[in-house]
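Colleague: Before I use this model at the bench, please take me through it.

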Amino acid sequence: MTDLIRRAQAGDEEAFHDLYREHVGRIYALCLRLTGRRDEAEERVQDVFVRVWRKLGSFRGESAFSTWLHRLAVNVVLSERRGALRRRLRVESVPDPAALERPGRASTAGLGLDLERAIAALPDGAREVFVLYDVEGYTHAEIARHCGVAEGTSKAQLFRARRLLREMLGR
Amino acid sequence: MTDHERDEFGDLLRDVERLPKSIEPPRDLWPGIAARLATAGPRRAWRSLAWVPALAAAAGLVLLLVGRARGPGLEASALAGRPQARGAAITRPTTLVAGDALSTDDSSRAHLRLSIGDMDVEPGTRLRVLAMRRHEQRFALERGAITARVSAPPRVFVVETPSAVATDLGCAYTLAVDSAGNGLLRVTAGIVEFGSPGRVAFVPLGAAVPTYAGRGPGVPYVNDAGLALRRALERLDATPGDRVALTAALAAARADDGLSLWHLVSRVDAAARGAVFDRLAQLVPPPADVTRDGILGLDREMLDTWWQYLPRTVWRQGL
């Protein structure tokens with residue numbers, strides 16, 4: 001376990017900020033691909049690091065920190081997406097919302113490559129399985145546990161995702 | 001990969017392998033994380049405000065890191081009438097420093113420009129400047145009303161009232177109190193921590209909380225909470241053990257009133273907590289890692305997690 005992690009575990013926010021800087025790119029890429037939305041990915045990255053701060057004391061160094069962080073990030077993103085189905089958003093009117101808070105954006109601008117855009121356009125279930133299996137290297141058994149589906153469902157979603165991507169990319 | 005998969009999806013999977021493993025976010029996400037670290041996590045001691053100085057220090061660090069502060073400064077100007085500062089009417093922009101007081105009569109209003117935002121001072125207000133430092137801009141609202149809009153790391157902007165202290169966590173709000181300390185805080189952006197020793201309310205946008213002389217903040221409620229719920233909460237604010245009021249509050253609450261019930265969990269005594277949990281769980285089902293026993297034991301992490309599931313208010317352009 002590195003000194004940085006030990007200091008962060010002891011409550012050193014500066015050390016935790018350094019950990020954030022070291023890993024944020026990897027976690028943002030994961031969140032962006034899993035959600036397909038830049039605004040949502042930004043929110044999830046923040047959720048992930050807040051959760052890491054809470055859970056850091058339970059990290060014992062039995063796996064690489066990056067592995068532990070990655071698993072936690074997948075859990076946060078998938079839990080949030082399941083939770084979002086149960087929640088509804090309260091909406092209120094205000095004359096000048098720009099003066100209050102930055103509105104959410106549904107744009108996928110910034111995703112860049114055609115493949116990234118195509119992944120973002122996949123249906124939620126298919127995208128999650130594709131990202132976890134083909135991009136991140138999870139097994140179907142692991143995906144089934146994370147997503148709360150049967151392994152067969154994971155395999156079917158993967159096939160569907162690949163087919164859709166191939167069609168979207170004109171191959 | 002099977003031969004069939006290689007044949008059918010080979011090109012696609014080769015492209016996937018070339019995707020970058022790391023993508024830098026388009027904006028700095030750390031300030032938002034730092035704000036939440038201040039209000040979440042096992043290192044927090046919610047029952048006292050003893051952690052505020054440490055968090056203010058952390059906020060100061062963030063301030064330096066993100067480089068958002070232009071340096072402390074406070075300039076007062078008149079919006080209407082003749083507001084007073086340093087014993088004279090404000091007739092042109094005037095710099096105020098710690099120790100100065102600003103007052104408005106029934107027909108005057110003032111505007112304060114800070115390095116981290118701005119503030120309108122409404123008629124009939126007396127406001128003192130307690131500290132004007134880079135990491136702490138602290139005021140005492142002795143009576144009257146202010147509307148503040150702040151863009152700063154959490155816990156930099158603080159307003160004391162006779163009955164509670166409003167600590168900005170990145171927000172805009174209106175705060176009105178009388179000289180005894182009775183008043184109302186209404187939040188229009190972000191979130192405000194409103195606390196007195198032993199009693200803290202977290203008030204997000206679209207919600208308000210009363211405060212009472214000698215008791216501190218009551219239970220927050222969303223702006224469109226029904227009258228029956230508000231009346232019941234007022235009675236509970238005065239007498240947390242009022243079982244009739246609690247029954248009325250639980251019956252009147254909707255899912256949108258989860259904010260109020262979430263606060264009630266830790267305001268009522270242990271014997272009544274189960275009923276609050278059951279009603280809140282019915283309206284806003286808790287995630288799997290939030291248990292009844294944990295909430296009844298006021299497990300801070302579980303309460304924080306459940307908070308994330310409360311219905312949220314967002315703003316849209318009015319017609």
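**Confidence and core**

Modeller: In chain B, confidence peaks in helix α5 (residues 243-252) of chain B at 97 and is lowest in helix α3 (residues 52-66) of chain B, at a mean of 45. That confidence is pLDDT, the predictor's confidence in each residue from 0 to 100; helices (H or I, at least four residues) and strands (E, at least two) are DSSP runs, numbered from the N terminus. This is a predicted model: local features need pLDDT of at least 70, side-chain atom pairs count only at pLDDT 80 or more, and totals for chains, interfaces and linings use all residues. Residues are numbered from 1 along each chain as its sequence is written, while chains are lettered from A and ligands numbered from 1 in the order in which they are written.

Colleague: What does chain B average in pLDDT?

Modeller: In chain B, 85% of the residues score at least 70. The chain B average is a pLDDT of 83.

Colleague: How many contacts does the model have for residues 315-319 of chain B beyond four places in sequence?

Modeller: The pLDDT stays under 50 over residues 315-319 of chain B. Where pLDDT is low, the predicted coordinates should not be read in detail. Contacts pair residues whose C-beta atoms, placed from the backbone, lie within 7 Å. For this stretch of chain B, the number beyond four places in sequence is 13.

Colleague: How many helices and strands does chain B have?

Modeller: Both kinds of element occur in chain B. The counts are nine helices and 17 strands.

Colleague: Which residues does C31(A) touch, not counting those up to four places away in sequence?

Modeller: Residues up to four places away in sequence are left out. C31(A) then touches A41(A), R44(A), V45(A), A73(A) and V77(A).

Colleague: What are the ipTM and pTM?

Modeller: Two scores are given for the model. They are ipTM 0.80 and pTM 0.55.

Technical notes. Contact = placed C-beta atoms within 7 Å.
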